[in-house]
Amino acid sequence: TETGAAGAGCDTVDASIQAILDGEALSEGVNGETPVAASTIPDLTDEQVAEIRALDATAALVIQLGGNDWSNAQIAGVTEELDRLGIELVATTDAQGDAVKQVDDIETVLALEPDLVLAIPLDPVATAPSFRQVGEQGAKLVFIDNPAVGLEPGVDYVSYVSADNYANGAIGAHLAARGIDCVGEVGSIRYTDEQNIAVYQRYQGFVETIAANYPDIEVVADRDIGAPDFAGNAERTASAMLTQYPDLKAIWGFFDIPAEGIIQAAKAAGRSDLVVTTADLGLNIGVAIASGELAYGTGSQRPFDQGVMEARLGAGALIGLDAPPYVVLPALAVDQDNVLEAWTEVYRVEPPQELVDAAQ
């Protein structure tokens, strides 16, 4: 390919993204389950809502890493749906990226004897014995993003609800390709824990989409980072990438906080031309996308709607309703042209003024 010319596959980037948005979910369940679209699950009837409200049930939410836009939106979606159904949220714990702390959090929650537990396992293996106790104690358990390893849907837990993570990673790949005219060397930063299937599928979606669609793009740097300092670890890793591969044109990060670290590394290296894509829409990344500053776009999750669905499926289980073992929210492609509309779709609120100002 000649310098400055668009590489192979560039004429179909937008069509490829639209095909993902219009098609069926691309992610596969951790146990090979076929994904069931959240849009196909009917709302609870008035009679079912009344039956749930009559239970005076309680719930607990076990978060893996709080204080970010994704977790805040999850909590908001869960809280709004539980309020509608008359279920009291008696605890919200935050493991702060520490699987050992999460085990303690589960013990704390179990002591409250909730009827429903909604949880995202930080380490699906290490936390499995503790999560098994939830069902043994008689509570209904709905997993967020990943089920704990070895637990059986319909027996040990109700369901697990996730974004179409593979599709969001694939969208990040297509956007990165478009941003570099489908030619050049790129890098990816993924999560160390491959047992976290939701996050790992984003990475698979990115690298496999590049390989399948863009012969003139090569993923030359493929690195992983761990918790809890995702931004700092990503910044150091991206900095090393940019030093080792001075011709690197783009870096993808597995969610918005690592992407923030990538942006800081690019700024420090004087690389205002670097294209950064990711798999989430936090405020900082949204502002960067809106202003055209390094962040080119993202394949975003829908954490508010995901939280609503988690609470709804768990509440239904309290009155004996069955749920699919694996429920998926659709992917969303976000770039500078639609970032304000995307914010409203992701968070179900109007975009904050900071984002509006950046888009002007």
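**Notebook: cavity, rings and one helix end**

I began with the helices around the largest cavity: α3 (69–84) and α7 (197–213) each give at least two residues to its lining. I note at the outset that this is a predicted model.

**Entry 1, the cavity.** I searched the whole structure and got 1 cavity of 30 Å³ or more. I put the volume of the largest cavity at about 260 Å³. I then listed its lining, which comes to 20 residues. Nearest the centre I find Gln64, Ile120, Val199, Phe230 and Phe255. What is the character of the lining residues, by nonpolar, polar and charged? I count 10 nonpolar, 7 polar and 3 charged.

**Entry 2, aromatic pairs.** I ran the ring search on the whole structure and it returned 11 aromatic pairs. One of them is Tyr160 with Tyr326, which is stacked. I read 4.6 Å between the ring centres and 25 degrees between the planes. Tyr160 belongs to strand β6 (residues 159–163) and Tyr326 to strand β12 (residues 326–329), so this pair ties together parts 166 residues apart in sequence. Are these two tyrosines, Tyr160 and Tyr326, buried or exposed? Both are buried.

I turned next to Tyr191 and Phe230, an edge-to-face pair. Their centres are 5.7 Å apart, and the planes meet at 65 degrees. Tyr191 sits in strand β7 (residues 184–191) and Phe230 in helix α8 (residues 230–244), so the pair joins parts 39 residues apart in sequence. I checked exposure for each. Tyr191 has a relative accessible area of 11%, so I log Tyr191 as buried. Phe230 comes out at 8%, so Phe230 is buried too.

I followed the ring pairs onward from there. They link Tyr191, Phe230, Phe254 and Phe255 into a cluster. Phe230 and Phe255 from this cluster are also among the residues nearest the centre of the largest cavity.

**Entry 3, a charge over a ring.** I looked at Arg190. Its charged end sits over the ring of Tyr203, 4.6 Å from the ring centre.

**Entry 4, Leu318.** I located Leu318 in helix α11 (residues 303–318). I found Leu318 partly exposed, because its relative accessible area is 21% and the buried class stops under 20%. Which residues does Leu318 contact, leaving aside its neighbours within four places in sequence? I get Leu55, Ala57, Ile87, Asp115 and Lys140. I took the distance to Ala57 as well. Leu318 and Ala57 are 261 residues apart in sequence, yet 8.6 Å apart in space, C-alpha to C-alpha.

Notes: Residues numbered from 1 in each chain as written. Predicted model: local features only at pLDDT ≥ 70, side-chain atom pairs only at ≥ 80, totals over all residues. Heavy atoms only, no water. 1 Å grid on protein atoms, 1.4 Å probe; cavity = no way out; pocket = protein on both sides within 12 Å on 5 of 7 lines; lining within 4 Å. Points joined across faces, edges and corners; volume = space filled by probe spheres on them. Nonpolar A, V, L, I, M, F, W, Y, C, P; charged D, E, K, R; others polar. Buried < 20%, exposed > 50% of the residue type's maximum accessible area, 1.4 Å probe, protein only. Contact = heavy atoms within 4.5 Å. Phe/Tyr/Trp six-rings, centres within 6.5 Å; stacked < 30°, edge-to-face > 60°. Lys NZ or Arg CZ within 6 Å of the ring centre and 35° of its normal.
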